[in-house]
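Trainee: I have the model open. Can we go through it together?
Mentor: Go ahead and ask.
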Amino acid sequence: MSRITHIDLDDGNLPPPTPEIEQERKVALFDLLEENSFALPARDDREVPPGPYHLGLAIRENRLVFDVTTEEAAKAAEFHLSLGPFRQVVKDYFQICESYFEAVKKLPPSQIETIDMARRGIHNEGSRVLQERLAGKADIDEGTARRLFTLICVLHFGG
């Protein structure tokens with residue numbers, strides 16, 4: 001089973017999220033656990049434990065940390081990704097989300113739809129960056145990448 005069955009999001013040192021950010025976090029976690037594809041590729045130098053996996057996500061020392069264990073808590077993998085490639089797309093995503101949340105309160109549906117299309121486009125860009133950064137470390141599908149990107153944004157909220 002190449003999937004994630006549990007996620008620990010290390011957000012304890014972050015400021016309290018806005019209600020909108022908290023909702024995004026809850027939805028991403030729920031959706032991710034309902035349906036995801038996450039596999040660790042075979043390595044020449046070591047055996048890769050089979051899934052399902054538990055995933056810990058954190059930002060430590062300006063790096064995005066993926067801590068992957070088996071359901072029996074055995075270490076499966078750990079990788080650290082530079083936050084640099086994510087910075088601009090996360091910033092853009094937060095800006096468009098703010099516009100979207102404000103638009104929902106006062107604009108007509110046609111304008112909300114336009115902003116939402118832009119929001120989805122930026123979200124797709126973030127998930128593409130994540131898939132590129134994880135290449136060779138973990139194999140994830142587009143839906144999993146989108147939900148993980150949302151969680152990365154939640155971690156960036158305090159950074």
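Trainee: Which helices each supply at least two residues of the lining of the largest pocket?
Mentor: Helix 1 (19–34), helix 3 (109–134) and helix 4 (142–156) do. Helices are DSSP runs of H or I, at least four residues, numbered from the N terminus. A pocket is an open set of points on a 1 Å grid over the protein atoms alone, where a 1.4 Å probe fits, with protein on both sides within 12 Å along at least five of seven lines; lining residues have an atom within 4 Å of a point.
Trainee: Where does the largest share come from?
Mentor: From helix 1, with 5 residues.
Trainee: Is this a predicted model, and what are the ground rules?
Mentor: The model is predicted: local features need pLDDT of at least 70, side-chain atom pairs count only at pLDDT 80 or more, and totals for chains, interfaces and linings use all residues. Residues are numbered from 1 along each chain as its sequence is written, and side-chain values use heavy atoms, without hydrogens and water.
Trainee: New topic. How many salt bridges are there?
Mentor: The whole structure has 11. A salt bridge is a side-chain nitrogen of Lys or Arg within 4 Å of a carboxyl oxygen of Asp or Glu.
Trainee: What does Arg120 pair with?
Mentor: Asp116, at 2.8 Å from N to O. Both lie in helix 3, 4 residues apart, about one turn of the helix. Salt bridges that share partners join Glu24, Asp116, Arg119 and Arg120 into one network.
Trainee: Is Asp116 buried or exposed?
Mentor: Buried, at 15% relative accessibility. Buried means under 20% relative accessible area, exposed over 50%, partly exposed in between (1.4 Å probe, protein chains only).
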